[in-house]
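Here are some exercises to work through with the structure open beside you. Try each task before you read its solution.

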Amino acid sequence: GVQEWTARLANVLAALGVLSALYVFAKKHVGPWTALIAIVVLGSSYEFWENAQGISTDVVLLFFLTFSWCAMYELSVKPFRWSRWLILWGGLGLATLTKGPVALVLTALIAPLFYLWHFGPRGVWGGLMRLRPFSGAALALAPFCLWTAGVYLNHGPDPLRLILLKHNVQRFIDAFDHQRPWYYFFR
């Protein structure tokens with residue numbers, strides 16, 4: 001039957017996956033002591049484990065984004081490999097399927113800033129094109145589009161209006177965390 005721990009298991013496994021990925025990435029690119037400090041700091045964070053034990057999709061989103069952004073970094077500083085490209089865009093596709101377009105939006109905001117910082121103003125466009133964003137975005141949106149088509153064929157447009165329009169678009173425009181609109185915080 002359905003148990004409470006099964007509902008929480010995905011988040012706990014995702015949290016352990018985030019810590020593992022963080023350790024491997026930091027050890028490879030910075031050093032073993034930095035990697036250890038990074039997972040101790042994140043692993044001892046109350047909010048990280050509070051989210052990991054709850055029943056939500058936030059930690060699963062973080063899991064997919066962690067792997068995707070590690071692959072994006074490696075695509076940026078190492079020779080192009082299709083396996084890295086598939087991890088980047090496949091992970092973003094799964095993140096989009098998990099929580100909606102926020103995964104692609106966050107990546108679209110972070111990637112240019114990373115390239116600006118790492119390669120300077122002249123390297124931004126070339127760096128972004130190394131990621132092959134057009135075919136990558138198509139790959140990332142494919143699972144979401146298949147899911148959307150399946151929901152529409154089985155249940156009609158009503159669930160899609162609720163999920164896509166209300167919980168993605170309307171929440172972004174009207175309120176952040178159900179309190180204030182996103183532009184409120186610029187004041």
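**Exercise 1. A shared acid**

Task: Find the distance between the closest N and O atoms in the salt bridge of Lys78 with Glu74, and decide whether each of the two residues is buried, partly exposed or exposed.

Solution: Keep in mind that this is a predicted model.
- Step 1. Look at the side chains of Lys78 and Glu74: their closest N and O atoms lie 3.8 Å apart. A salt bridge requires a Lys or Arg side-chain nitrogen within 4 Å of a carboxyl oxygen of Asp or Glu, so this pair qualifies.
- Step 2. Lys78 has a relative accessible area of 24%, so Lys78 is partly exposed.
- Step 3. Glu74 has a relative accessibility of 11% and therefore counts as buried. The cut-off used here is that buried means under 20%.

**Exercise 2. Following the network**

Task: Which other salt bridge does Glu74 form with a lysine, Lys28, and which elements does that pair link?

Solution:
- Step 1. Lys28 and Glu74 form a salt bridge with their closest N and O atoms 3.0 Å apart.
- Step 2. Place the partners: Lys28 sits in helix α1 (residues 4-29) and Glu74 in helix α4 (residues 58-77). The two residues are 46 apart, so the pair links distant parts of the chain.
- Step 3. Now turn to another pair, Arg161 and Asp158, whose salt bridge has its closest N and O atoms 2.6 Å apart. These residues are three apart in helix α9, which means that about one helical turn separates them. Arg161 is partly exposed at 45% relative accessibility, while Asp158 is exposed at 51%.
- Step 4. Return to the shared partners: salt bridges join Lys28, Glu74, Lys78 and Arg84 into one network. The whole structure holds five salt bridges.

**Exercise 3. Two helices in contact**

Task: At what angle do α5 and helix α6 pack, and how far apart are their axes?

Solution:
- Step 1. Helix α6 covers residues 102-119, and α5 packs against α6 at about 130 degrees, with the axes 7 Å apart.
- Step 2. This angle makes α5 oblique to α6.
- Step 3. List the contact residues. From α5 come Trp89, Leu92, Ala95, Thr96 and Lys99, and from α6 come Val102, Ala103, Leu104 and Thr107.

**Exercise 4. A nonpolar patch**

Task: Which residues make the nonpolar surface patch of about 390 Å², and which elements each supply at least two of its residues?

Solution:
- Step 1. The patch consists of Leu94, Leu97, Trp147, Leu162 and Ile163.
- Step 2. Both α5 (82-99) and α9 (158-174) supply at least two residues each.
- Step 3. Check one member: Leu162 belongs to helix α9. Its relative accessible area is 43%, so Leu162 counts as partly exposed. Patch residues need over 30%, so Leu162 passes that cut-off.

**Exercise 5. The whole protein**

Task: How many helices and strands does the protein have, and what percentage of its residues count as buried?

Solution:
- Step 1. The protein has nine helices and zero strands.
- Step 2. Of its 187 residues, 30% count as buried.
- Step 3. The protein exposes about 12,100 Å², and carbon and sulfur atoms supply 69% of that area.
- Step 4. Take the contacts between residues at least 6 apart in sequence: 63% of them join residues at least 24 apart.

Notes: Residues are numbered from 1 along each chain as its sequence is written. This is a predicted model: local features need pLDDT of at least 70, side-chain atom pairs count only at pLDDT 80 or more; totals for chains, interfaces and linings use all residues. Side-chain values use heavy atoms; hydrogens and water are left out. Patches are made of residues with over 30% relative accessible area and no salt bridge: like charges are joined within 9 Å, nonpolar side chains (Val, Leu, Ile, Met, Phe, Trp, Tyr) within 5 Å. Accessible areas come from the Shrake-Rupley method with a 1.4 Å probe; for residues, only the protein chains shown count as cover. Helices (H or I, at least four residues) and strands (E, at least two) are DSSP runs, numbered from the N terminus. Buried means under 20% relative accessible area, exposed over 50%, partly exposed in between (1.4 Å probe, protein chains only). Axes are lines fitted to C-alpha atoms, for helices over the stretch in contact, and angles run from 0 to 180 degrees between N-to-C directions. Angles under 35 degrees count as roughly parallel, over 145 as roughly antiparallel, 65 to 115 as roughly perpendicular and the rest as oblique. Contact means heavy atoms within 4.5 Å.
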